[in-house]
Every structure is written in C-alpha cells, then in structure tokens.
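Colleague: I am new to this structure and would like a close look at a single part of it, the second largest pocket. Could you take me through that pocket carefully, and then set it in the context of the whole chain?

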Amino acid sequence: LGPACSDKDTLREMILAGVNVCRLNFSHGDHETKETLIRTIRELNQELGLHTAILADLQGPKLRVGMMEDNQVLEPGARVEIVTGDFTGTAKKFSMTYPDFAKDVKPGESVRLDDGKIELKVLSTNGVDLVEAEVIHGGVLSSRKGVNLPNTDISLPSLTEKDREDLVFAMAHDLDWIGLSFVRSARDIIELRHLITKAGKYCKIIAKIEKPEALNDIDNIVSETDAMMVARGDLGVEIPMQNVPLVQKMLVRKCLRNAKPVIIATQMMESMINNSSPTRAEVNDVANAVLDGADAVMLSGETSVGKFPVEVIKSMASIVKQCETEDDIYYRQTAPEKNQNRFITDSICFNATRLAKRVDANAIITMTFSGYTGYKISSQRPNAQIYIFTGNPRILSQLSLVWGVTCFYYDKMVSTDHTIADIKYLLKKQGYLVEGDLIINIASMPIEEKGNSNMLKLSYA
C-alpha cells in the first residue's frame, strides 16, 4: 500500500478485485499513516464480510546513500569517496547511512547502488569512516538510493532499532504477518519469534530471502519460519541475476514440501506503474510463479505509487485464474515421515488429498484451532475447495495468505457428527456447496478436546 491506493474506495475496489493481503512497508511513511490504513482495512473487512490480512514489512538493515545534490552522474573510471556523516553528497564524495561501512568492506569488493544500476569497486578503506572506490558502471545517483554489498559480511543485526519500534507498533495492532528483511540465518527468525512470544502476541513470521547467506542456511530457515518471500529485487543484486529463476523454483519446492506459504515478489508487473496493461514478459513471470506452486504473487510500486492500482490487481488476478485451469499445478502430495510429532495429522491430510483426487471431490472441509491442517492441506494443492472452520478468530485473516483456503468463524462444539452436519448445512445455505457434491471432512475426535486431526469422512453434501 502507498499514496496511490490509500483511500477507502480504491482499497475496496482492490480487495474486491482479488487482494488477499495488504502489505505495509515500514521503509516508508509514519506510524500515523499506517494506523489509518489498518483501520480502513479492518472496516472494509467488516463491511465486506472478508478476512483480508495485514503484513508489516520491516525495513531491516537496508543500506542507503545519504542526501545527494541534484543530477549527480557517476562516470565510469572515476574515483569516488564514500564517507560516514551527514551532508549533501556529489558525484565525487557522498555519504552512507551505515556507520560501519568502512570497517566491514575490503579492497576488491563490489558496492552496488540503486538496485545494482551503478557498480563501484572498493580500492581502499581507512577502516573508520572513509572508503575510496572506482566507478565500474556509472549513472545518475540520487538521494536515499539503496546499497547492496554482495561480497561483504555486514555486521548489522537483522533487527535494527527502527525495526524494533516498528515491531512494537505492529504487535500493538495485532497485525497478522511480520516480514523480516535481509534474513541471513535461522537465528534471525528465532530472535524475532522470541520477541513476539515475549510480548504475548501471535503474529506469524515471513522470512524475506534476499541475501546469499540465507541460501547457505535455507533448510533451517524454512524449518523455523512460518512463510517465505522470494524478494527478487535485492536477491537479484546480491547473487548473479541468472541464478534467481532457479533459486526461486528451489525455494518454492522447499516451502511446498514443508507446508510453508511462499510469496513471489518484486517487479512482477513493473511496467504497470505507468501503463494500463503489462508486458507479455510480465504476464509470463506471474504465470510461472503460479505454475511453480507459489501461494501468493505480490505487487509493490505498481499499487503503492502506480497510476493504475485497481487495473493491475485485475490483470494479475486474471493471469492467476487462467493458470489455475492447468492440471499440472494440482496434487503435489508429500508423504509424511513416520515418528514425527504430527504424523497422525499429516497422514490424515495426505490421505484426504489423495482421496479428493481419487473421487474428484468438490471440497475438503476441516476444523482447526491452530490453522495447521489448513497449511498442510493447502501445500498438497488439491483441486478441490478448502474450507476452514475455526473458533480461533486470530487465524481467520492469517490464513488469507495461504493458497486455496476460505475461512469461516465457527465455535459450536456439540459433537463431531453434529458439527459436520451443521457445517454442511451452512455451506449449502451460503452457496458454497450444492446437493450431491462429494465432500471430505477432517476433524479430531473427541471434538471438544481440540486435539490433532485424526478422522476423515467422505460423504455427499
């Protein structure tokens, strides 16, 4: 979200056109503006009877150049000085917001500015506050542009002081998801989880993968996080650009196998910032993300500052819907491993999806309190509607990020048979099912204990 789509009417149109999650980017704007947006989204959820989720995207240790004079062009072969300090820079000397820059970089390392459009090579550093560099690829450098150091181990923590303040704000407003930027190892996730748990909150964590170090610890990161974002902008500057497509596919595969939702982000429909329709390459990019098995595709500048925030949602939604007519995206079952904690629940979910394929079921319906069966069934990608009934209001909007799931609040727990019959009646009454539909119910018996799923029932609606 941003200035182009902050008013209630535009947001309503976007949500009705297909938005499931609204992302608040804490790199821009103040808390007051964010508070207004949160209130607007929640009002619209009430009015429309929906559960649009809210994602707080923390800035993380994003490195930026300081303020620059206008029209400063860095010429190839020129030498520049990068210093720490607060002043207005020129093409010969500019500042960096990162105080340990001179301490962390080494001669020969690459410094990339403005999403990699400008590249410098470090010639020398005094280890305190001055770095000399040569311009390899030049260009216009303007204020506050991002900096990437693909060869450098930076000493900044994954949660900056600003992030901690933003996290307190996000938790105070009970936002659904927290995006952790520039994750380097599973320890970053563990630290954030500790802060959320200590505050007595239930926000879920999205690990944003945009650093090469993260790829070295990817299995542990997948294990610790609740979801993942393939943030291709910074990732494509930090690793060789030609590696990004295969890394994207690898990350989606790992997330599906571990029942973790995965988002593909950055430059998906970039040309629609200024144009009313996307390029054919962008259409293919969105389609490939869906065919790979992504749970969500994300827009950034296209909606936050673009001229066509509603049209871009409609365009993206039409691509997603078309791709979902393709049989190959369905039924990606992963057989559960024996003797793990959730073996019984996982086996029920696995066999529910297999059965859905075998009998061509119209819907899989599950009762859940934690949301776990929702994540698990979704990750197996059944070609059947997934209806989640829960007495836990916290997970209603969280599950909006998850592929193929529709959630309903339901807190009557008389008996398993009564609940299944009641849910069936409600879904028919609201038009989600019709008489004669084949449906699969997953539940736990006895139902009042709210335990792990251990029962599967096939019946007609």
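**The second largest pocket**

Modeller: In this predicted model, the second largest pocket encloses a volume of about 920 Å³. Its lining is made up of 35 residues, and those that lie nearest the centre of the pocket are N258, A259, K260, R342 and Y372. Two or more lining residues come from each of helix 5 (186-198), helix 7 (218-224), helix 14 (372-379) and helix 15 (394-398). By character, the lining of this pocket divides into 12 nonpolar, 11 polar and 12 charged residues.

Among the residues nearest the centre, A259 deserves a separate look. A259 sits in the loop that runs between helix 9 (244-257) and strand 15 (262-265). The residue counts as buried because its relative accessibility is 11%, and the limit for that class is under 20%. The backbone of A259 has a phi near 55°, which is a positive value in a residue other than glycine. Most residues other than glycine have a negative phi. D114 can be set beside A259 on this point, as the phi of D114 is also near 55° and positive. D114 belongs to the loop between strand 7 (110-113) and strand 8 (118-125), and with a relative accessible area of 13% it is buried.

Enclosed spaces are a separate matter from this pocket. The structure holds 5 cavities of 30 Å³ or more, and the largest cavity contains about 70 Å³ of space. The residues that line the largest cavity are P61, L63, V147, N148, L149, I154, F182, K211 and E238, and they divide into 6 nonpolar, 1 polar and 2 charged.

To place the pocket in its setting, it helps to turn to the chain as a whole. The protein chain contains 16 helices and 21 strands. Along its principal axes, the C-alpha trace spans about 75 × 50 × 40 Å. The radius of gyration is 24 Å, which agrees with the value near 23 Å that a compact globule of 461 residues would have. Of those 461 residues, 53% count as buried. Among contacts with a separation of 6 or more, 65% are between residues 24 or more positions apart. The accessible surface of the chain comes to about 20,800 Å², and 48% of that area belongs to carbon and sulfur atoms.

Two helix residues can serve as examples of how positions in this chain differ in their surroundings. I319 lies in helix 12 (residues 309-323) and is buried, as its relative accessible area is 9%. Leaving aside residues up to four places away in sequence, I319 touches M269, V283, V286 and A287. I319 and T390 are 71 residues apart in sequence, and their C-alpha atoms are 31 Å apart in space. N351, for its part, is found in helix 13 (residues 343-359). With a relative accessible area of 37%, N351 is partly exposed, because that class covers the range between the 20% limit for buried and the 50% limit for exposed. The C-alpha atoms of N351 and K121, which stand 230 residues apart along the chain, are separated by 56 Å.

To return to the part you asked about, the second largest pocket has a lining of 35 residues, and A259, one of those nearest its centre, is a buried residue with a positive phi.

Terms used: Residues numbered from 1 in each chain as written. Predicted model: local features only at pLDDT ≥ 70, side-chain atom pairs only at ≥ 80, totals over all residues. Heavy atoms only, no water. 1 Å grid on protein atoms, 1.4 Å probe; cavity = no way out; pocket = protein on both sides within 12 Å on 5 of 7 lines; lining within 4 Å. Points joined across faces, edges and corners; volume = space filled by probe spheres on them. Helix = DSSP H or I, 4+ residues; strand = E, 2+ residues; numbered from the N terminus. Nonpolar A, V, L, I, M, F, W, Y, C, P; charged D, E, K, R; others polar. Rg over C-alpha atoms; globule rule 2.2 N^0.38 Å. Buried < 20%, exposed > 50% of the residue type's maximum accessible area, 1.4 Å probe, protein only. Contact = heavy atoms within 4.5 Å. Areas by Shrake-Rupley, 256 points an atom, 1.4 Å probe, with all protein chains shown as cover.
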